[in-house]
Amino acid sequence: SAAAPGGSARADAATAMQQAWSLYATGQLQPAEALCRSMLRERADDPGAMSLLGIMMAQSGRVQEAAALLGQVAALTPQDASAHNNHGNALRSLGRYGKALSCYDRTVPLLPVSVDAHYNRGVTLHDLRRHPEALASYDQAVALKPDHASAWNNRGATLRELRRTEEALESYERAIAVRPDYAEAHGNRGVALQELGRLEEALAS
């Protein structure tokens, strides 16, 4: 029947996509990219191949191309939270914070339990100096993942911008509890202690 070839093609595409992700996961980026491009020659609007290719482009410094490609993926798959999140990441790398925020604002309602979406939204709001909103996003991230050291550290930085230094110190200490070798959090803790006049503790930090 006519249905079999289509089913076979879909199975082949799914296998190729699994192979591409496996190559990517093991650091074999050139073969993974070649496989994605091969898939796109077969089907130019394959969102899986486009997405992985865009992620690899971004990681290899071709961020402008990555943002364009990942934007196409988000347009093709408007209900896919990861598509909007990936597009936002590329835009944020380009310093296009307002557009990146719009992507994360689309991601969060689609996948409210996405730690990455809340965290990325917090980082971008911090970049935009919208600190109260950034704090709310970091609160969501650490509520979902209490061992997210970077979110605790960034939450501390946001609280410090809001002149809530005692609370900032608590956040830095949470970050260090999760990751004892977190140099940036130790440095931030030292600055917060200094601002609070706890100089001996600051010197030890």
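**Notes on a predicted model: a surface patch, ring pairs and a buried valine**

1. Let's start at the surface. Leu110, Leu111, Val113 and Leu144 make a nonpolar patch of about 310 Å². Please keep in mind as you read on that this is a predicted model.

2. One member of that patch, Leu144, belongs to helix α8, which covers residues 131-144. Is Leu144 buried, partly exposed or exposed? With a relative accessibility of 37%, Leu144 counts as partly exposed, because the class in between runs from 20% to 50%.

3. Now for the aromatic rings. How many aromatic pairs does a search of the whole structure find? The search finds 2. One of them joins Trp21 and Tyr24 in an edge-to-face arrangement, with 5.6 Å from centre to centre and 85° between the planes. You will find both residues in helix α1 (residues 3-25), where they are 3 residues apart, or about one turn of the helix.

4. The two partners are worth a look one by one. Trp21 has 37% relative accessibility and so counts as partly exposed. Tyr24 has a relative accessible area of 19% and is buried, since buried means under 20%.

5. Tyr119 and Tyr138 also pair: their ring centres are 6.0 Å apart and their planes meet at 55°, so this pair is tilted. Here the pair links distant parts of the chain, with Tyr119 in helix α7 (residues 115-127) and Tyr138 in helix α8, 19 residues apart. Both Tyr119 and Tyr138 are buried. Helix α8 may ring a bell, as Leu144 of the surface patch has its place there too.

6. There is a ring with a charge over it as well. What sits over the ring of Tyr182? The charged end of Arg179 does, at 4.0 Å from the ring centre.

7. Finally, do have a look at Val73, which is found in helix α4 (residues 63-76). Its relative accessibility is 3%, so Val73 counts as buried. Which residues is Val73 in contact with, leaving aside its neighbours within four places in sequence? They are Pro47, Met50, Ser51 and Ala83. His87 is another residue to view alongside Val73: 14 residues separate the two in sequence, and their C-alpha atoms are 8.3 Å apart in space.

Definitions and conventions. Residues are numbered from 1 along each chain as its sequence is written. This is a predicted model: local features need pLDDT of at least 70, side-chain atom pairs count only at pLDDT 80 or more; totals for chains, interfaces and linings use all residues. Side-chain values use heavy atoms; hydrogens and water are left out. Patches are made of residues with over 30% relative accessible area and no salt bridge: like charges are joined within 9 Å, nonpolar side chains (Val, Leu, Ile, Met, Phe, Trp, Tyr) within 5 Å. Accessible areas come from the Shrake-Rupley method with a 1.4 Å probe; for residues, only the protein chains shown count as cover. A salt bridge is a side-chain nitrogen of Lys or Arg within 4 Å of a carboxyl oxygen of Asp or Glu. Helices (H or I, at least four residues) and strands (E, at least two) are DSSP runs, numbered from the N terminus. Buried means under 20% relative accessible area, exposed over 50%, partly exposed in between (1.4 Å probe, protein chains only). Rings of Phe, Tyr and Trp (its six-membered ring) pair if their centres lie within 6.5 Å; planes under 30 degrees apart count as stacked, over 60 as edge-to-face and the rest as tilted. A charge sits over a ring if NZ of Lys or CZ of Arg is within 6 Å of the ring centre and within 35 degrees of the ring normal. Contact means heavy atoms within 4.5 Å.
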